[in-house]
Amino acid sequence: ARPTPPQSIFFGASIGLGVPASSCKTPADVRSFDDARAVFKAAHAAHTEAMRHYVLDGCVTDHVALQRDVSQMYRWLAVFETDEKRKLAMYMRRTAALRPLLDELGKKAYEDLHKTLSFEVGEVSMELAEMKSVRIRAKQEAQPAYRPKAVEITKVNQFLDEAVDAFQHFVDMYRKEKPEPLMPPPPPPPVYDESGKEVPAAPEVVPIEVDDDELGVYLRAHFYIARLHNKWLPPPDAGPAERCRGLKLALEKFEWLRGHAREKLPLLKDEAARSTLFADELAMADQMVELLPEQISRVHYAR
């Protein structure tokens, strides 16, 4: 038998208080946009009032939790929304609530919050880009000769870039920078090749530390970055190199990702996870590495 949906909790009865039962709606009561909007308004008002007390300066964890709740409220309200413009606006409010927190919070002091917020911002921006892309595809299905306007392309690419930036922020949180020394060491002496030209110093490799329980989401963030590059739309007047920019970035990322994943997955302590974690995404990465070179060639020489 299917489980019964949870009912509103009436704390007063359990402790013998003579107070009326809660009038909160249960999940089964929310069947339309109007029902969802009523719940949203009540919850949003309560969270707004709570954030007046749990301010960011002094109550960081609580304030961020409240802002994330508000983001999720818009997410679930959008499920009942049928108007695409209004749904788009709801998702944009999610990023407006969360993205500023990444600038306000110190990375070292709030590492876990930075990871959580940046990944969610990346997911929301990815959804925004998909919504805009769906509208373009719908127009092309209705009118096969339709070509996206420059403003449509710009908006899609803006959301794609914002998603890439957010996921890059997430993966960069696993880079363990060395602490600045009190007394910086002197620069190394220059190295010259046989012709007498100075050889540029190799870039310093920053170690990456990812725990086993975070490896899946870490690899998935890189996978999302590759897919986002693949969805980049070239401007109408783009030349061959510009038309292939997103595809080349995607190919480069997929190639790196499948090598990096196959290097890290065998090191997992859980033997079962070695063959199951990230398996579907890794198979897709292999396929894209095979398909993208031909697609790049076709797009490069297209007229």
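Reader: Which residues are linked with Glu 111 in a network of salt bridges?

Author: In this predicted model, Glu 111, Lys 115, Lys 176 and Glu 214 are joined in a network of salt bridges. The general idea is that a side-chain nitrogen of Lys or Arg must lie within 4 Å of a carboxyl oxygen of Asp or Glu. Glu 111 and Lys 115 satisfy this rule, with 3.3 Å from N to O.

Reader: Where do Glu 111 and Lys 115 lie, and how many residues apart are they?

Author: Both belong to helix α5, 4 residues apart, which is about one turn of the helix. Their surroundings may be read from the accessible areas. Lys 115 is buried, at a relative accessible area of 9%, whereas Glu 111 is partly exposed, at 25%. The dividing value is 20%: a residue under it counts as buried.

Reader: How many salt bridges does the rule give?

Author: The count is 15 salt bridges. Among them is the pair of Arg 137 and Glu 130, whose closest N and O atoms are 2.7 Å apart. Arg 137 is partly exposed, with 38% relative accessibility, and Glu 130 is also partly exposed, with a relative accessible area of 27%. Another salt bridge joins Asp 286 to Arg 262, with the closest N and O atoms 2.6 Å apart.

Reader: Which parts does the pair of Asp 286 and Arg 262 tie together?

Author: Asp 286 is in helix α11 and Arg 262 is in helix α9, so this salt bridge ties together parts that are 24 residues apart in sequence. Arg 262 counts as partly exposed, at 43% relative accessibility.

Reader: How should the overall fold be described, and what pattern does the chain follow?

Author: One lists the elements in order along the sequence. The chain has 11 helices and 2 strands, and its pattern reads α-α-α-α-α-α-β-β-α-α-α-α-α. Of its 303 residues, 34% count as buried.

Reader: Which residues of the largest nonpolar core touch the most other members?

Author: A nonpolar core is read as a set of buried nonpolar residues joined through side-chain atoms within 4.5 Å. The largest one here holds 56 residues, and those touching the most other members are Phe 167, Leu 219, Phe 254, Leu 265, Phe 278 and Leu 292. Two or more residues are given to this core by each of α2, α3, α4, α5, α6, α7, α9 and α11. The largest share, 9 residues, is that of α7.

Reader: Phe 278 appears in that list; what is its phi, and where is Phe 278 found?

Author: The general idea concerns the sign of phi. Most residues other than glycine have a negative phi. Phe 278 is not a glycine, yet has a positive phi of about 65°. Phe 278 is found in the loop between α10 (271-276) and α11. With 3% relative accessibility, Phe 278 counts as buried.

Reader: Turning to the surface, which residues gather in a patch of negative charge?

Author: Such a patch is read by looking for like charges that are accessible and take no part in a salt bridge. Here Glu 209, Asp 211, Asp 212, Asp 213, Asp 270 and Glu 271 form a surface patch of negative charge. One of these residues, Glu 209, is in the loop between β2 (198-199) and α7 (212-230). Glu 209 is partly exposed, with a relative accessible area of 48%.

How values were computed: Residues are numbered from 1 along each chain as its sequence is written. This is a predicted model: local features need pLDDT of at least 70, side-chain atom pairs count only at pLDDT 80 or more; totals for chains, interfaces and linings use all residues. Side-chain values use heavy atoms; hydrogens and water are left out. Patches are made of residues with over 30% relative accessible area and no salt bridge: like charges are joined within 9 Å, nonpolar side chains (Val, Leu, Ile, Met, Phe, Trp, Tyr) within 5 Å. Accessible areas come from the Shrake-Rupley method with a 1.4 Å probe; for residues, only the protein chains shown count as cover. Lys and Arg count as positive and Asp and Glu as negative; His and the chain ends are not counted. The place of a charge is taken as NZ of Lys, CZ of Arg, CG of Asp or CD of Glu. Buried means under 20% relative accessible area, exposed over 50%, partly exposed in between (1.4 Å probe, protein chains only).
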